[in-house]
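Reader: Hello! I'm new to this structure and would love a close look at one part of it. Could you pick a stretch and walk me through what surrounds it?

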Amino acid sequence: MAKKKTTAKKTKPKTPRKPISFKLSRQQQIILGSFLFFLGLALLFSFISYLFTWKADQSLLQTGTREDNASNWLSLVGARISHFFVYKGFGIPALTIAILTALTGVYYFFDYAKAALKKFWFWGILLMLWLAVFLGFFSNSNDILGGTVGYEINDFLQDYLGLTGAIIVMTFLAIIYLVLRLRLTPERVSTYFKEKKNALAGEFASDATPEPVIVDNSSTYEAQEILNGSTTGGDETAFAKAETETPPTTTSTFEQNVQNLQPTLTKKTPEVESSFEVTQAPEEEEVIPTPETVVEVEVEKPIEEEELTDNLSSKLVEDFGEFDPTLELAKFKFPPIDLLKDYTNGQGITINQEELEENKNRIVETLNNYKIGISNIKATVGPTVTLYEIVPEAGVRISKIKNLEDDIALSLSALGIRIIAPIPGRGTIGIEVPNKNPRIVSMRSAVASKKFQEAEMELPLTLGKTISNETFVVDLAKMPHLLMAGATGQGKSVGLNAILTSLLYKKHPAEVKFVLVDPKKVELTLFNKIERHYLAKLPDTEEAIITDNSKVINTLNSMCIEMDARYDLLKNAMCRNIKEYNAKFKARKLNPENGHKFLPYIVLVVDEFADLIMTSGKEVETPIARLAQLARAIGIHLIIATQRPSVNVITGIIKANFPARIAFRVTSKIDSRTILDTSGADQLIGRGDMLYTQGNDVVRIQCAFVDTPEVERIVEYIGNQKAYPDAHLLPEYVGEESGTSLDIDASDRDALFRDAAEVLVIAQQGSASLLQRKLKLGYNRAGRIIDQLEAAGVVGPFEGSKARQVLVPDMMALDQLLNNE
C-alpha cells in the first residue's frame, strides 16, 4: 500500500492578546460602590431580623413559595440567605460580612484609597472566625450563636485539646489580634491608666483652688501671712503692716491666685498697724446704652466672589492625583538580580589565620629592627586587602614609620603595600597588605545589599566594597561630577559598567537619561539596545552612542543649550534646583502650556577623555568645563574616564570642577598626585583596586565586577519591554565654524588667491599655516584667503584641529573650477 503523504497544516502565528485591564472608570466605580453598599445594607437587615425570626421561618426554607409570607425583613430570600450565612455559617459574627460589603461600597463610591480594604477584609474575616469559635463554647449544634462553622471548629479543638487546651489556643489567637491589629501592648495599657489617674488627680486639685481675689490697698507694705484653704464665711483674711501714708482710693486687681503672691514685699513699718480686707472680685458690669443712644444698624454681608484660581493645583491633585512621569511606561519592570552572576557562590570572606599571623610577625619584626615598638595591632580582613592597624609606643615619630613603606613591602614579599599615617578619626597607623588569595566582589552582592536597596538618593551608585567588606554607596547627584583615571587594563571600563548598572537597577527610564561617548567603539555599544529607554541623542542622528569625536563637540554644545534652557525653566518656576522643580511639577503647580515639563537627570559618560583632548582640544574642554561649573543644579552630571592622567589632559579647570575622583592603579606617584592630589594610586594592585575621594578622605575600594554577558542580559531584559517612540532628544545645535559659508564676491578676493589655491591643491592640505609658510603671509591674511577658498569650493569646512579637506584633486580641475565662475 502506498503511504499517504501527510502534509502539515501551516498555522499562522498567534498574535499575543492584550492584557485585560481591570481598572474601573469613575462611573463604573460609582455604580459598583452603590451596588455593594446596598447589598451590604440588605444583608445587615436580613441577618439582624433572622436573629429574631429564624424559628418562625424554619419551615419555609425548603418548601416555601412566593405565596408564603416569611417573617424576615427581606422575606423568603432574606430568610434563606441568612440561614446559609448565620445558621450554617458563622452565627452572629456573620454580621461582619454585611458590614465589610457595605464598607467596600463606600470606598468605591467616594473613590477612597483601596489599599486599606484588603486589610479590613483580612482582619475582619479572622475576627469573624474567632468570634464564631468563641461563641461555640456557649452553643450547641442547633444554636445560632456561633453557627455550624463555629460549633464544629470548637468541637474539633475540644476533641483533640480538651476544654483547657481550646481556651489556651483561643486566648493566644486573641493576643495576636490585639497586638498586631490594635497595636495593644502592656506599656500602652499602663500608660493609658496612668494618664487617666493623673487627669482625675488634676481635676480634684483644680476643685480645691481658691477664687481670684482683689486687694483693696496699693501702698507699700509687707505681707506676713495669707491664709488659703477651703474654710467658709469670712475666714479668708490676710494681715499686713501699712505705711503712715493715706492709701489711694483706687484698687489693684491681682490676676493670679493667692498662692502666687510673694510672702515678702518691699518695706516694713512696724509703727503703724493696719488691716485690709480681701474680698472676691466682683464681675464687671455690662454697660447697656439708654434707648435714646441705641441705634440699630443692619449690616449686609458683602458678596465674596469665588475665585477659581484658589488652590487650583491642590484641586488638580485631588481630581487627577500627582503627575507621574513613569505613567507612559507604567508596566516597566526593573531587571531582576538573577541576571547578575554570583562569583562568590554565596560564601563570605574566609580568614586565613596563618597568613594573618605571619604578616603580623613580619610587620612587628621589621619595625623592631628600626627601634620602633608597637603597643597594639589589629587586622581588618577585606575581599582583596587586609588592613593592619598599629598603635606605636609613645615617642615614635609617624614619619619614621611612613618612610619604611618599601622595607615592609620587602619583608612581606607583597606588591602594593600602602601606609596610612595616621588613619583619620582613629588615632592609629594603617598598613594595607594585599591578600594572597583575593576574592572577586560581584556586582550581584553589591546590588543586593541592604545599603543599596534602601538608599534614599537621587542617583545612587554602588561602586564595590571597602576594606571592611562594607558595600560602598554614594550619590552621583551630590558629587556632582566624577573623574576616573588609571592605567590601561586596571578596571575603568568595568567601573563605568558598574555605575551604569547601578542606575539601571534603581531609576526608571523617565527619571534618568544617558549620553554615552565611546571613542573605543566597543565598550559602551552594548547599551544600544536600551536606546529608546535610557539614552539621549541629537536630532537626526542614527545612533545614540557617540563613537566619532567630531560629533562630540556638537553634543556637548547641545547639552550647554539644554542647560541654559533648564535654568530658564527653574527661574520662571522660582526653584533653586531640579529636585524642587520636579516636585513642584508633580504637584501640578507648573503649567505645561508655559513650557514647563518634567526634567529627567542627564548623565554624560565619556570613556576616553584623553583622545578627545588630543583631537579637539579647547573645543571639548570649554563646554566640559562650563557644564561642570553650572550643570549641577539642573540635573546634568558628568562621568569622565581617561587612561592618561597627565596635566595636559586633566587640567586645572577640570580638576577644580571634579571634586569626586576615582583612581585605579597608575604607574607613578606623579600620576597619582595628578588625579588625587596625593600618592597611593601607584601602590594599588590592579584588577579593580581603586581609591575614591570626594575632596576629603581617601577610601580604598574593590570595584564590583560586572562582566560583558551580565550587561548583555540586563540590556536585553530592558530592551524587550515597551519603550518610548524614540530616544530622548537633545536640543539641535548648529556648529559655529571658524570658516564662513557666505558667498564672497570674486572682485573682493585677495591678490594671492590664485597662488594660494595652487599651493593647497598641490599639497592636498588645507591649512592657514601652510599658506603662511609658503606665501610668507600673516595669520589674519592667510585666514581670510582660506575663507575665500572655502566660498569658492576649493577647500571644505572647518574641522577643529584637523586640516581642511581639499575638494579639488589636481591643477586641471582647479583651472576648470575657477574659469567657470
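Author: Happily! One term comes up straight away: contact means heavy atoms within 4.5 Å. This is a predicted model, in which local features need pLDDT of at least 70, side-chain atom pairs count only at pLDDT 80 or more, and totals for chains, interfaces and linings use all residues. Residues are numbered from 1 along each chain as its sequence is written, and side-chain values use heavy atoms, without hydrogens or water.

Let's begin with Phe514. If you set aside its neighbours within four places in sequence, Phe514 is in contact with Leu500, Leu503, Leu504, Tyr534, Leu535, Ala536 and Val603. Phe514 also belongs to the largest nonpolar core, which has 109 residues. Within this core, Phe514, Phe527, Phe609 and Tyr692 are the ones that touch the most other members. (Such a core is a set of buried Ala, Val, Leu, Ile, Met, Phe, Trp, Tyr and Cys residues joined through side-chain atoms within 4.5 Å; buried means under 20% relative accessible area, exposed over 50% and partly exposed in between, with a 1.4 Å probe and protein chains only.) Helix α16, residues 549-573, gives this core its largest share, 9 residues. A separate core of 21 residues lies apart from it, and Val759, Ile786, Ala792 and Val808 are among its members.

Now for the sheet. It is an open one of 9 strands with mixed pairing, and its order reads β11-β10-β19-β18-β17-β12-β16-β15-β13. (Strands pair if DSSP finds at least two bridges between them; helices, H or I of at least four residues, and strands, E of at least two, are DSSP runs numbered from the N terminus.) At the edges sit β11, residues 471-475, and β13, residues 512-517, each of which pairs on one side only. From one strand to the next, the twist averages 30 degrees.

Further along, strand β12 (residues 482-485) joins strand β16 (residues 636-642) in the parallel sense over 4 bridges. Look for Leu482 there: its bridge partner in β16 is Ile639. Helix α14, residues 492-506, packs on this sheet and touches β10 (460-466), β12, β13, β15 (601-606), β16 and β19. The direction of α14 makes about 130 degrees with that of β10. (Axes are lines fitted to C-alpha atoms, for helices over the stretch in contact, and angles run from 0 to 180 degrees between N-to-C directions.)

The part I'd like you to look at most closely is strand β18. β18 covers residues 689-693, and 5 of its 5 residues are buried. The cover extends to both faces: Asp689, Leu691 and Thr693 are buried on one side, and Met690 and Tyr692 are buried on the other. You have already met Tyr692, which is one of the core residues that touch the most other members.

β18 has a partner on either hand in the sheet order, β19 and β17. With strand β17 (residues 660-663), β18 pairs in the antiparallel sense over 3 bridges, and here Arg661 stands opposite Thr693. With strand β19 (residues 698-703), the pairing is again antiparallel, over 5 bridges, and Met690 stands opposite Ile701. The hairpin of β18 and β19 has 4 residues between the strands, where Gly695 takes a positive phi near 95 degrees.

Charged side chains come next. The model has 23 salt bridges, each being a side-chain nitrogen of Lys or Arg within 4 Å of a carboxyl oxygen of Asp or Glu. Arg700 makes one with Glu432, with their closest N and O atoms 2.5 Å apart. This pair ties together distant parts of the chain, since 268 residues separate Arg700 in strand β19 from Glu432 in strand β9, residues 429-434. Both Arg700 and Glu432 are buried.

For another case, try Asp750 and Arg781, whose side chains meet in a salt bridge at 2.8 Å from N to O. They are 31 residues apart, with Asp750 in the loop between β20 (728-729) and α23 (753-763) and Arg781 in helix α25, residues 779-792. Asp750 counts as buried because its relative accessibility is 18%, while Arg781 is partly exposed at 29%. Elsewhere, salt bridges with shared partners join Arg418, Glu432, Asp689 and Arg700 into one network. That brings us back to β18, where Asp689 is among the buried residues.
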